[in-house]
Amino acid sequence: MKKIDNFSEVLCAGKSKTLVDPKSEVNAKIYIKAKDDLKLVNVDHALINQSTDTKKCDFMVLGINSNKTHMIELKGTNIEEAFKQISNTIEYLFHDPQLNYCVILREILDAYIASPERQKVPNIPSKREKELAKKLVRGNKHKPDNMFDLIHFVKVVKNQRKAAQSGRQIIISGRAPLELD
């Protein structure tokens, strides 16, 4: 059994799941629907334990039949902290011989920062966003035209009939979840 299996669950194709940060003061959550079978991994205080002082992202989603990894951080408004947490997680996994397959030579290695209701997508990338984008590019087999396209901002709203995307922002709800494979 792989180390990751102790902290994960399978989400079968066509099924949906709500991922919640129980420590969130703003009730941060993300709704996910599996386009193909997924492995949902609880990263914070689970896969990467508390003895590590480093702040890490909340979840990682692995495509079971694909070579894709999606890093997920549930946040209120501090987007800069989210960049840092996802970046720290990738770095930790990269250096762990049992887990580095999650972030090396992936078909897609990308990041989703989910916030309830309100969210501003940065117009000008910060130093932390640039660092995260470079780490995401390092883990992808194929280099994107724009490295910042690997960072997605998910606005979670109460009522949305259909998921919508504008640039790097994706608007979802319980009725219109983020579809991943």
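Colleague: In this predicted model, does Lys68 count as buried or exposed, and at what relative accessibility?
Modeller: Lys68 is in strand S6, residues 68-74. The cut-off for buried is under 20% relative accessible area. Lys68 therefore counts as buried, at a relative accessibility of 16%.

Colleague: Which side chain makes a polar contact with the side chain of Lys68?
Modeller: Leaving out residues up to four places away in sequence, Lys68 touches Val61, Leu62, Gly63, Arg106, Glu107, Ile108 and Asp181. One of these has a side chain in polar contact with that of Lys68, at 2.9 Å. That partner is Asp181.

Colleague: Where does Asn140 lie, and which backbone nitrogen lies 2.9 Å from a polar atom of its side chain?
Modeller: Asn140 lies in the loop between helix H2 (127-139) and strand S8 (151-156). Asn140 touches Arg106, Glu107, Ile108, Leu109 and Leu150, with residues up to four places away in sequence not counted. The backbone nitrogen 2.9 Å from a polar atom of the Asn140 side chain belongs to Leu109.

Colleague: What is the relative accessible area of Asn140?
Modeller: Buried means under 20%. Asn140 is buried, so its value falls below that cut-off: 3%.

Colleague: Which elements do the buried residues of H2 pack against?
Modeller: The buried residues of H2 are Glu129, Leu132, Ala133, Lys135, Leu136, Val137 and Gly139. One of them, Lys135, is also joined with Glu91 and Arg138 in a network of salt bridges that share partners. The buried residues of H2 pack against helix H1 (79-94), strand S7 (108-116) and S8.

Colleague: How far apart are the end C-alpha atoms of H2?
Modeller: H2 has 13 residues. At 1.5 Å a residue, H2 should span 18 Å. The computed distance agrees with this: 19 Å.

Colleague: Which residue in S5 is the bridge partner of Leu40?
Modeller: Strand S4 covers residues 38-42, and 4 of its 5 residues are buried. S4 pairs with strand S1 (residues 8-11) in the antiparallel sense, over 4 bridges. S4 also pairs antiparallel with strand S5 (residues 59-63), over 5 bridges. In S5, the bridge partner of Leu40 is Val61.

Colleague: Which residue forms a salt bridge with Asp5?
Modeller: Its closest N and O atoms to the partner are 2.6 Å apart. The pair links distant parts of the chain, 34 residues apart: the segment before S1 and strand S4. Asp5 is partly exposed at 27%, whereas the partner is buried at 18%. That partner is Lys39.

Colleague: In the salt bridge of Lys3 and Asp96, what is the N to O distance?
Modeller: Lys3 is in the segment before S1 and Asp96 in the loop between H1 and S7, 93 residues apart. Lys3 counts as partly exposed at 29%, and Asp96 as buried at 10%. Side chains of opposite charge can pair when their charged atoms come close. Here the N to O distance is 3.2 Å.

Colleague: Why do S2 and S11 each have one side without a neighbour in the sheet?
Modeller: The open sheet has 3 strands in the order S2-S3-S11, with mixed pairing. S2 (16-20) and S11 (178-180) stand at the edges, so one side of each is left without a neighbour. The reason is that each has a single partner strand.

Colleague: Which residue in S11 stands opposite Ile32?
Modeller: Strand S3 (residues 29-34) and S11 run parallel, joined by 3 bridges. Opposite Ile32 in S11 stands Leu178.

Key:
Residues numbered from 1 in each chain as written. Predicted model: local features only at pLDDT ≥ 70, side-chain atom pairs only at ≥ 80, totals over all residues. Heavy atoms only, no water. Buried < 20%, exposed > 50% of the residue type's maximum accessible area, 1.4 Å probe, protein only. Helix = DSSP H or I, 4+ residues; strand = E, 2+ residues; numbered from the N terminus. Pairing = 2+ DSSP bridges. Contact = heavy atoms within 4.5 Å. Polar contact = N/O pair within 3.5 Å; in protein donor to acceptor, adjacent residues only side chain to side chain. Expected span 1.5 Å × (residues − 1). Salt bridge = Lys/Arg side-chain N within 4 Å of Asp/Glu carboxyl O.
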